[in-house]
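Please look at the chain shown here and follow it from one end to the other before reading on. The paragraphs after it are meant to be read with the structure in view.

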Amino acid sequence: MSHEGIRIVSEEQARREMAGETKLATDAVTPAKVRVKKSEGTGVEIDWKDGHKSAWTFAWLRWGCPCATCNEERQQTGRAIGVPKPKPGGPLVMYEAPPRPVEVTPVGKYAIKFKWNDGHESGIYSWEYLRRVCQCGECTKRV
Ligand SMILES: [Zn+2]
Ligand SMILES: [Zn+2]
C-alpha cells in the first residue's frame, strides 16, 4: 500500500481548501485606510495596502454579520450573506429603521466590531473576512 498523495495539512488549511478559499496576501488583508461613514449613515470604505478599494453599505454589513448565530440562521434559511431577512407578508407593514451602527470599535489590529441599532453586536468583522466579501464591481463580478 502506497502512502503517496497523502498530505498533512492543518485543520485551518483543510477547511479553507474545502471552501475553495485560497490564502490572501498580507497586503490584501491589511487596511491602509478605513473610513466608517457613521454620521453620513452610508457604510464603510477600506483602502487596502495592495491598492484595492472596497466599500460596503451598513445594511450589507448588518446582514452579512459573521457571528455564529447569524451564520447558523443563514445556513438554515438559505439566506445569502448581505441579504436582508425576508419580512413576513400580510397587510401589516412595520417600519424598521435601516441598519446603522451606534458604536464602532476596533478589535485588536485585525478586525472591527459594530453595535447595530437593532442591538445586535456579536459579529467580529476581520479584515480578512471583509476583503473576501468585498462588494466592489470587480470582486462581485467574479463570484
Ligand atoms: Zn450576527
Ligand atoms: Zn473588490
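What follows is a walk through the elements of the chain, its sheets, its core and a few chosen residues.

The model is a predicted one, and it is best to keep that in mind throughout. The chain has 143 residues, and it contains five helices and six strands. If you begin at the N terminus and read on, the elements come in the order α-β-β-β-α-α-β-β-β-α-α, which is a useful map for the rest of this text.

We can start with the sheet that contains S1. This is an open sheet of three strands, arranged in the order S1-S2-S3, and its pairing is antiparallel. Strand S1, residues 31-36, and strand S3, residues 53-57, stand at the edges; each has a single partner strand, so one side of each is left without a neighbour in the sheet. From one strand to the next, the twist averages 10°. As background, the strands of a sheet pair through backbone hydrogen bonds, and they may do so in a parallel or an antiparallel way.

Within this sheet, S1 pairs with strand S2, which covers residues 43-48, in the antiparallel sense and over five bridges. One place to look for this is Val34, whose bridge partner in S2 is Ile46. S1 and S2 form a hairpin with six residues between them, and in the turn Gly41 has a positive phi of about 75°. On the other side of the pairing scheme, S2 and S3 are also joined in the antiparallel sense over five bridges, with Val44 standing opposite Trp56 in S3. S2 and S3 likewise form a hairpin, here with four residues between them, and Gly51 in that turn has a positive phi of about 95°.

Further along the chain comes another open sheet, in which three strands take the order S4-S5-S6 and the pairing is antiparallel. S4 and strand S6, residues 124-126, are the edge strands here, and because each has a single partner strand, one side of each is left without a neighbour in the sheet. The twist in this sheet averages 25° from one strand to the next. S5 and S6 pair in the antiparallel sense over three bridges, and Ala111 has Ser126 in S6 as its bridge partner.

Which residues make up the largest nonpolar core? There are eleven of them: Val44, Ile46, Trp48, Trp56, Phe58, Leu61, Ile112, Phe114, Tyr125, Trp127 and Leu130. At least two residues of this core come from each of S2, helix H2 (58-63), S5 and helix H4 (127-132), and S2 gives the most, with three residues. Across the whole chain, 15% of the residues count as buried.

Now turn to Arg100, which lies in the loop between helix H3 (68-77) and strand S4 (101-107). Is Arg100 buried or exposed? Arg100 is buried, because 21 other C-beta atoms lie within 10 Å, and the cut-off for a buried residue is 20 or more. Leaving aside residues up to four places away in sequence, Arg100 touches Gly41, Phe58 and Asn117. Gly41 is the turn residue of the hairpin between S1 and S2, and Phe58 is one of the core residues. With the same neighbours in sequence left out, Phe58 touches Gly41, Gly43, Pro99, Arg100 and Pro101. Arg100 and Asp118 are 18 residues apart in sequence, and their C-alpha atoms are 8.5 Å apart in space.

A second residue to find is Tyr110, in the loop between S4 and strand S5 (111-116). Tyr110 is partly exposed, because it has 14 other C-beta atoms within 10 Å, a count that falls between the limits of 12 or fewer for exposed and 20 or more for buried. Not counting residues up to four places away in sequence, Tyr110 touches Ser126 and Trp127. The C-alpha atoms of Tyr110 and Thr30 are separated by 8.2 Å, although these residues are 80 apart along the chain.

Finally, consider the contacts of the chain as a whole: among those between residues at least 6 apart in sequence, 41% join residues at least 24 apart.

Technical notes
Residues are numbered from 1 along each chain as its sequence is written. Chains are lettered from A and ligands numbered from 1 in the order in which they are written. This is a predicted model: local features need pLDDT of at least 70, side-chain atom pairs count only at pLDDT 80 or more; totals for chains, interfaces and linings use all residues. Two strands pair if DSSP finds at least two bridges between them. Axes are lines fitted to C-alpha atoms, for helices over the stretch in contact, and angles run from 0 to 180 degrees between N-to-C directions. Two residues are in contact if their C-beta atoms, placed from the backbone, lie within 7 Å. A nonpolar core is a set of buried Ala, Val, Leu, Ile, Met, Phe, Trp, Tyr and Cys residues joined through C-beta atoms within 7 Å.
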